[in-house]
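This report looks at cysteines, strand pairing and salt bridges in one protein model. Please keep the sequence and the structure in view while reading.

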Amino acid sequence: MEVLYIDKNLISGDIPNCWNHCQDLYLLNLGSNNLTGKIPHSLWHLNLTMLNLQNNRMFGELPSILQNSRCLVMLDLSENHFSGSIPAWIGDKLSNLKILSLRSNNFNGHIPHKICDLQFLQSLDLAHNNIFGVILKCFNNLRAMAATNKTNKEVHPLPLSLYTYSYSLSAILVLKGREDKYGSTLGLVISMDLSINSLTGEIPKEIGSLVGLLSLNFSGNLLTGNIPDNIGNMELMESLDLSMNGLIGEIPPSNHLCGPPLTMNCTSKGIPNIANNGSNSEGSKVNWLYVSIVLGFVMGFWGVVAPLFFIRWSGGKEGATPLLLPRYSQWQKSYYSPVSSGQHHPGFLFPIPIQQLVCMDDPLTIGPERTSTTIGNAQGLYIALSGDPNKFTAVLYADFAFTTGRFNGSSFSLFSRYPPTDFVPSPNTNCEMAIVGGRGAFRMAKGFALLRATCSSAKTVDANLEINANLYHYQTQLQNIEIHNKINKRVYS
């Protein structure tokens, strides 16, 4: 067997460690399932040219044995819980890579300089991680991103066999804020996305030499200084996002900018819109999105204006009120881990008599492992309410506070009824709870969170809770009004 595609299913559990007997397997796609655990070591004994594990629940650091997969053309580990630093040997050993996506994980540390040795790399996506440091000046060595004459529309695996080489690889990429699947035009899409990290310093002028880029996204970092002038010479650029940084100075002049509010029409440039050739993963839901936007605007408008009319008609007095701008934040597949660490801990799963009040003070970590880096803590209390000895019901208050990173000093609070569940709940049991407030970056937060026990034990009184939190929060603007884009930041706690 040379090709195995079992993506977009409901397969769960760990990937079995039995790949030693599949030496002829070259293309493996296990994406969009419910797989957990670490990458098995036997997987790297294969001569894979494509590996897709995106959108699962896998964790751990990238094993060093991965560097034996020197034929890899595409590596997609996005939308998981992988942690640790990005290993330097990716650039040193995986020299054939064209597509590298580590998006939405827990990777930290600096971007290794060896990444600049990937001469064939045409799509680099490290967005939504915890990466810090500066943007590498050596990115100008990425020759595939600096080329303007693209001849191959498709991306093929290495010709290890005639059968696999006939395959045209496809990948899910995020361009212009949209997640699209690219197949027949994947070879024409040149992109770099380092958004929603903690990168600092200035944007190096060497980035301007990557004239083949169609999409460049550095938004949501801590970048400072001016925008390099030579960025205006990147004539193939269709999307440039530098928002939510600390950049200063003027916008560099360019003869290649087009679209409103400018007078030049983008269609007159003669540059093909490659992104439109991607198939939108949302499908027919896009039309409903437009409908919901219109309905949301109408309901929101009258929800604000109608009370003002009522106050005016009832003789109310006008007053000066600070302008509040709503922001929407979303945390996916996040973990809250009450871990006893060798001491007795009255956790969620401990059989507690009715009406007993219990306090808690537990660590927040960046992954489900007990050895993961602590980034905050969860403090609060709950009172047990259930009279059934086999069920657990409580009213819970918990404050999730961050003590490091971009959200240092900020927190959001849950206050809700924990619905009846077994003392050792099923992994498929989701408990919805209300987000009622916050402080710092999450001031005046409201929303909801879905809690799910990924592992639990009534005997050891340990548990890992996966939390998917969706909340709205506000920023007070007294003088300057800033418009913020939607944040989709993954945090592991």
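What is the relative accessible area of C22? C22 is partly exposed, with a relative accessible area of 23%, where buried means under 20% relative accessible area, exposed over 50% and partly exposed in between (1.4 Å probe, protein chains only). The structure is a predicted model, in which local features need pLDDT of at least 70 and side-chain atom pairs count only at pLDDT 80 or more, whereas totals for chains, interfaces and linings use all residues. Residues are numbered from 1 along each chain as its sequence is written, and side-chain values use heavy atoms, with hydrogens and water left out.

## Cysteines

A search of the whole structure finds one disulfide, the term being used for a pair of cysteine sulfur atoms within 2.5 Å. Its partners are C116 and C138, whose sulfur atoms lie 1.9 Å apart, and the link is right-handed, with 60° about the S-S bond. C116 belongs to the loop between β10 (106–109) and β11 (123–125), while C138 belongs to the loop between β12 (130–134) and α2 (143–146), so the disulfide ties together parts that are 22 residues apart in sequence. Helices (H or I, at least four residues) and strands (E, at least two) are DSSP runs, numbered from the N terminus. Both C116 and C138 are buried. C22, by contrast, is in no disulfide, and the nearest cysteine sulfur, that of C18, is 6.7 Å away. A further cysteine, C359, counts as exposed at 55% relative accessibility.

## Strand pairing around β10

Strand β10 takes part in two pairings that are described here, where two strands pair if DSSP finds at least two bridges between them. With β8 (residues 81–85), β10 pairs in the parallel sense over three bridges, and the bridge partner of G84 in β10 is F107. With β12, β10 also runs parallel, the two strands being joined by two bridges; here N108 stands opposite N130 in β12.

## Salt bridges

Side chains of opposite charge can pair when their charged atoms come close. A salt bridge is counted when a side-chain nitrogen of Lys or Arg is within 4 Å of a carboxyl oxygen of Asp or Glu, and a search of the whole structure finds four of them. The table gives three of the four, with the distance between the closest N and O atoms.

| Acidic residue | Basic residue | Closest N and O atoms |
|---|---|---|
| D125 | R103 | 3.1 Å |
| D193 | R103 | 3.0 Å |
| D180 | R178 | 3.1 Å |

R103, D125 and D193 are linked in a network of salt bridges. In the pair of D125 and R103, D125 lies in strand β11 and R103 in the loop between β9 (99–101) and β10, so this contact ties together parts that are 22 residues apart in sequence. D125 is buried, with a relative accessible area of 8%, and R103 is buried as well, at 12%. The salt bridge of D193 with R103 starts from strand β15 (residues 191–193), where D193 lies, and reaches the loop between β9 and β10, so the parts it ties together are 90 residues apart in sequence. D193, like R103, is buried.

In the salt bridge of D180 with R178, the two residues fall into separate classes of accessibility: D180 is buried, with a relative accessible area of 1%, whereas R178 is partly exposed, with a relative accessible area of 37%.
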